[in-house]
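Morning, everyone. I have one model to walk through today, so let's put it on the screen.

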Amino acid sequence: SIGARVLVIDLDPQGNASTALGVPHTADIPSVYDVLIDEFPLAEVIQPSPESENLFCAPSTIHLAGAEIELVSQVAREHRLRTAMEEYLESVDEKPHFIIIDCPPSLGLLTINAFTAADEVFIPIQCEYYALEGLSQLLGSVQMIQKHLNPRLHVSTILLTMYDGRTRLAQQVAEEVRSHFADQVLETVIPRSVRVSEAPSFGQTVVSYDPQSAGAIAYREAAVEIVRKSAREGE
């Protein structure tokens, strides 16, 4: 809605990002798997999303579940996504303003490929009991990648999600995260919302599924904040 061109690279074998963006990702579709394992050009697997003329997606398929093992024996196994992205950016006239890489929830070779290709880590945190434990593990992984594979990598943005202001726990998690990461946490929080949960089952994001819902408004506000933040950091 801000007019930025966005490419989403779906690295999660579950393919939730592909589903939410309305992009086909059945087993026979060319996907990120072909890019990582068979060195397909990224441009050949990218599809436009029906969500917006500025939104594109390199889909995941179920084959990615096996890529974790197949990558082990590959040459330059940690750098495959980075190389594909660099070649893609050199080949296109209209470069995306943002490339978002959606990662699986564990630190395997898929996530390591994402961390090696990226400059920034964006962390959505559910305001729940185990959130801080997961965050400290993730920060440890980021530090390891910084040291060995990608010194540019840094945690730039944290977004508090599934926030229920009526519960003391959600408030405590939010306060704790803000106290440790004052510069990274967005002011905008995403409230708990049935609409946000429902939208992917219709192959849509909440922004097009129910644009006036609290969840959609919050995500748009978060997007504006991210764009302003990156403009400030780019100055």
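Is Tyr129 buried or exposed? Exposed: its relative accessible area is 62%. Keep in mind that this is a predicted model. The residue beside it in the pair, Tyr130, is exposed too, at 60%. Tyr129 and Tyr130 form an aromatic pair. The geometry is edge-to-face, with 5.1 Å centre to centre and 75° between the planes.

How many aromatic pairs does a search of the whole structure find? Two. The other one is Phe202 with Tyr209. Here the ring centres are 5.0 Å apart and the planes sit at 20°, so this pair is stacked. Phe202 is exposed, with a relative accessible area of 52%. Tyr209 comes out at 23%, and therefore counts as partly exposed, since buried means under 20%.

Now the sheet. Three strands, open, in the order β5-β6-β7, with parallel pairing. The edges are β5, residues 120-126, and β7, residues 185-191. Each of those edge strands pairs on one side only. From one strand to the next, the twist averages 25°.

Look at β6, residues 154-163. Its parallel pairing with β7 runs over three bridges. Which residue in β7 stands opposite Ile158? Val185. Then there is a helix on this sheet: α10, residues 214-234. Helix α10 touches β5, β6 and β7. Its direction makes about 165° with that of β7.

On to the cores. In soluble globular proteins, nonpolar side chains tend to be buried together. In this model, the largest nonpolar core has 25 residues. Those with the most contacts inside it are Ile9, Leu11, Leu36, Leu42, Leu81 and Ile101.

Where does this core come from? At least two residues each are supplied by β1 (6-10), α2 (32-38), α3 (64-70), α4 (80-91) and α5 (109-117). Helix α2 gives the most, with five residues.

Take Leu36 as the example. What does Leu36 touch, leaving out residues up to four places away in sequence? The list is Leu11, Leu64, Leu71, Arg80, Leu81, Leu110 and Asn113. Two of those names, Leu11 and Leu81, you have just heard among the residues with the most contacts inside the core.

There is a second, separate core, of 21 residues. Ile123, Ile145, Val155 and Val185 are among them. Val185 should sound familiar: that is the β7 residue opposite Ile158.

That's the tour. Questions, please.

Terms used:
Residues are numbered from 1 along each chain as its sequence is written. This is a predicted model: local features need pLDDT of at least 70, side-chain atom pairs count only at pLDDT 80 or more; totals for chains, interfaces and linings use all residues. Side-chain values use heavy atoms; hydrogens and water are left out. Two strands pair if DSSP finds at least two bridges between them. Helices (H or I, at least four residues) and strands (E, at least two) are DSSP runs, numbered from the N terminus. Axes are lines fitted to C-alpha atoms, for helices over the stretch in contact, and angles run from 0 to 180 degrees between N-to-C directions. Contact means heavy atoms within 4.5 Å. Rings of Phe, Tyr and Trp (its six-membered ring) pair if their centres lie within 6.5 Å; planes under 30 degrees apart count as stacked, over 60 as edge-to-face and the rest as tilted. Buried means under 20% relative accessible area, exposed over 50%, partly exposed in between (1.4 Å probe, protein chains only). A nonpolar core is a set of buried Ala, Val, Leu, Ile, Met, Phe, Trp, Tyr and Cys residues joined through side-chain atoms within 4.5 Å.
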